[in-house]
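Take a moment to turn the model around before reading on. We will walk through its empty spaces and then look at the charged side chains around them.

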Amino acid sequence: MFFAKHTFVALILVSGLAACGPVPVYYRAGADVARRDADLLSCEVSALRDAPVATQIRQHPPIYRPGGEICRNGRCYHRAGYWEDGGIYTVDVNADLRERVEQSCMASKGYQSIALKRCPQSVADAVGTRRASSLPVLTETSCAIARRGQPPQIVATAP
């Protein structure tokens, strides 16, 4: 139980930090957004076919908690040590391979994988649901809007 609580807290922290970090985007200057999205979907399907999900169940090693001598009011006794479950987790052993296959597929179509800073919420709100028809030229102020279930949107903001 101890391990499960800490794992949950760690997942919350990691997901919170992921929302602040750079956004990975496939980019080719001037490319049609719909074409890029179609190419990405095709490469994702191809990568999933070539490196399917291969979930393995694993277990962290158990942890031994040593006992000790406890003394109260002049009386001492020995508390026995005990083993604590290390916790069970799953891992997709093909996840890294699948990502490399996808990147290779997109590279063969002329795209490069870049990381753009995340757009401020004010920019995302101003853009709304509008999507450009082609990928803009990157500038120092370019940023990306990541929306669940959609490829990231590149925004060329004014300096």
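In this predicted model, 18 residues line the largest pocket, and those nearest its centre are Pro24, Tyr26, Leu40, Glu102 and Pro152. The elements that contribute two or more residues to this lining are β1 (23-27), α2 and α3. Of these, β1 gives the most, with 4 residues. The pocket holds about 380 Å³ of space, and its lining divides into 8 nonpolar, 4 polar and 6 charged residues.

One of the residues nearest the pocket centre, Glu102, deserves a closer look. Glutamate 102 sits in helix α3 (residues 95-108). What is the nearest side chain of opposite charge to glutamate 102? That side chain is arginine 98, but it lies 7.2 Å away, and glutamate 102 is buried without a salt bridge. Once neighbours within four places in sequence are set aside, glutamate 102 has contacts with Tyr26, Leu40, Cys43, Glu44 and Ala47. Tyr26 and Leu40 are also among the residues nearest the centre of the pocket.

Arginine 98 has a partner of its own: a salt bridge joins it to aspartate 92, with the closest N and O atoms 2.2 Å apart. Both of these residues are buried.

Now for the enclosed space. Searching the whole structure turns up 1 cavity of 30 Å³ or more, and the volume of the largest cavity is about 60 Å³. Its lining consists of Val33, Arg36, Arg131, Ala132, Ser134, Leu135, Pro136, Pro152, Gln153 and Ile154. Two elements, α2 (33-50) and β10 (153-156), give two or more residues to that lining. By class, 6 of the lining residues are nonpolar, 2 polar and 2 charged. Pro152 appears here as well as close to the centre of the largest pocket.

Two of the cavity-lining residues, Arg36 and Arg131, lead us to the charged groups. Together with Asp37, they are linked in a network of salt bridges. Within this network, the side chains of arginine 36 and aspartate 37 meet at 2.9 Å, N to O. Is arginine 36 buried or exposed? It counts as buried, because its relative accessibility is 2%.

Aspartate 37 belongs to helix α2. Apart from neighbours within four places in sequence, aspartate 37 is in contact with Arg131 and Pro151. Aspartate 37 and proline 152 are separated by 115 residues in sequence, while their C-alpha atoms are 9.7 Å apart in space.

A further salt bridge links aspartate 39 to arginine 35, and here the closest N and O atoms are 2.9 Å apart. The two are about one helical turn apart, because they are 4 residues apart in helix α2. Their surroundings are worth checking too: aspartate 39 is buried, with a relative accessible area of 7%, whereas arginine 35 is partly exposed at 44%. The full count comes to 6 salt bridges.

Let us step back to the whole chain. Its secondary structure consists of 4 helices and 10 strands, and from the N terminus on the elements run α-β-α-β-β-β-β-β-β-α-β-α-β-β. Of its 159 residues, 24% are buried. Among contacts with a separation of 6 or more, 68% come from residues 24 or more positions apart.

A last stop is glycine 86, in the loop between β6 (82-84) and β7 (88-92). Glycine 86 counts as buried because its relative accessibility is 3%. Glycine 86 lies 22 residues from tyrosine 64 in sequence and 9.6 Å from it in space, C-alpha to C-alpha.

How values were computed. Residues numbered from 1 in each chain as written. Predicted model: local features only at pLDDT ≥ 70, side-chain atom pairs only at ≥ 80, totals over all residues. Heavy atoms only, no water. 1 Å grid on protein atoms, 1.4 Å probe; cavity = no way out; pocket = protein on both sides within 12 Å on 5 of 7 lines; lining within 4 Å. Points joined across faces, edges and corners; volume = space filled by probe spheres on them. Nonpolar A, V, L, I, M, F, W, Y, C, P; charged D, E, K, R; others polar. Buried < 20%, exposed > 50% of the residue type's maximum accessible area, 1.4 Å probe, protein only. Lys, Arg positive; Asp, Glu negative; His and termini not counted. Salt bridge = Lys/Arg side-chain N within 4 Å of Asp/Glu carboxyl O. Contact = heavy atoms within 4.5 Å.
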